[in-house]
Amino acid sequence: MIPLPRAILFDLDETLLSFGKRPLILAEVAEEFGAILGPLTPLEVAEALEAALRVFWADPDVHRIWRFKLGPARLKVVSEVFERLAPRAPGLTPAFAKTFAERFHAYREEQARFFPGALEAVDELKRRGVKLALVTNGAADVQRAKIDRFDLAPRFDHIQIEGEAGFGKPEEQAYLHAMAALGVKPHETWMVGDNLEWEVAGPQRLGIYAIWHDHLGVGLPKDSAIRPDRIILSIGELTENLS
């Protein structure tokens, strides 16, 4: 049996909310514009975009700067990829890059859904008296819109958005501020999220029990020096075998 902590800090994106698989979303958007992409296939364009986006977001400095500007960031990557592919596909103009990027951005955000069992787990933890905080990075307007859309505020004792607070994960202040708002200490707290640096390594440095949400089921990277205290494949596991 697993004893519950006094408090749990939850990440939002790709922890409670899923946005679908990006390669699939790119392929679906590319299919919509198949006639313009020729002679390239939608799959070829989608694969080129996915590879570029993966490289773009893997850079911590880029991530820190552009996560507040998701729409412009996606336009930047699409424009660069289309410029590179334009000699093979004349339809990939700067104007069309803007059209494609805007469609991809809107379609990706539309896909937001709760992971199966996530909402039920949060409600059960709250029912059991666990203090809950939502600690999310990103722009204030974008993240607040999701919180309002999915009616999350009543479910949490503390809502903390990087763009509103002025600090975010993995800054120590992000975790310390959330724990102070809940009136708990690190040894009484769990952090749950999908980012190994933000929701595992950062919290662990303060003595917080860190749970990694491996929602893709791929396991830890072979070269990872970060070791979560616990790995879960679904948020629903948090309410299994509780004491």
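Which elements do the buried residues of α8 pack against? The views below come from a predicted model, and the third one has the answer.

**View 1. Helices α5 and α6 crossing.** Here we've zoomed in on α5 (residues 70-85) and α6 (residues 94-110), whose axes come within 9 Å and cross at roughly 135 degrees. That angle makes α5 oblique to α6, since the oblique class stops at 145 and anything over that counts as roughly antiparallel. As for handedness, the crossing of α5 and α6 is right-handed.

**View 2. Who touches whom between α5 and α6.** On the α5 side, the contact is made by L70, G71, R74, L75, V78, S79 and F82. Facing them from α6 are F96, A97, K98, F100, A101, F104, H105, R108 and E109. Sort the residues of this contact by type and you get 9 nonpolar, 3 polar and 4 charged.

**View 3. The buried side of α8.** In α8 (residues 140-149), the buried residues are Q143, K146 and I147. They sit on the same side of the helix because they cover an arc of only 100 degrees around its axis. That fits the usual helix geometry: with 3.6 residues a turn, residues three or four places apart point the same way. And back to the opening question: the buried residues of α8 pack against β2 (17-18), α6, β4 (131-136) and β5 (158-161).

**View 4. The other face of α8, and what follows the helix.** Turned away from the buried side, this face of α8 carries the exposed residues D141 and D148. Just after α8 comes D151, which takes a positive phi of about 55 degrees.

Terms used
Residues are numbered from 1 along each chain as its sequence is written. This is a predicted model: local features need pLDDT of at least 70, side-chain atom pairs count only at pLDDT 80 or more; totals for chains, interfaces and linings use all residues. Side-chain values use heavy atoms; hydrogens and water are left out. Axes are lines fitted to C-alpha atoms, for helices over the stretch in contact, and angles run from 0 to 180 degrees between N-to-C directions. Helices (H or I, at least four residues) and strands (E, at least two) are DSSP runs, numbered from the N terminus. Angles under 35 degrees count as roughly parallel, over 145 as roughly antiparallel, 65 to 115 as roughly perpendicular and the rest as oblique. A crossing is left-handed if the near helix is turned anticlockwise from the far one by less than a right angle, and right-handed if clockwise. Contact means heavy atoms within 4.5 Å. Ala, Val, Leu, Ile, Met, Phe, Trp, Tyr, Cys and Pro count as nonpolar, Asp, Glu, Lys and Arg as charged, and the others, Gly among them, as polar. Buried means under 20% relative accessible area, exposed over 50%, partly exposed in between (1.4 Å probe, protein chains only). The arc is that of the directions from the helix axis to the C-beta atoms.
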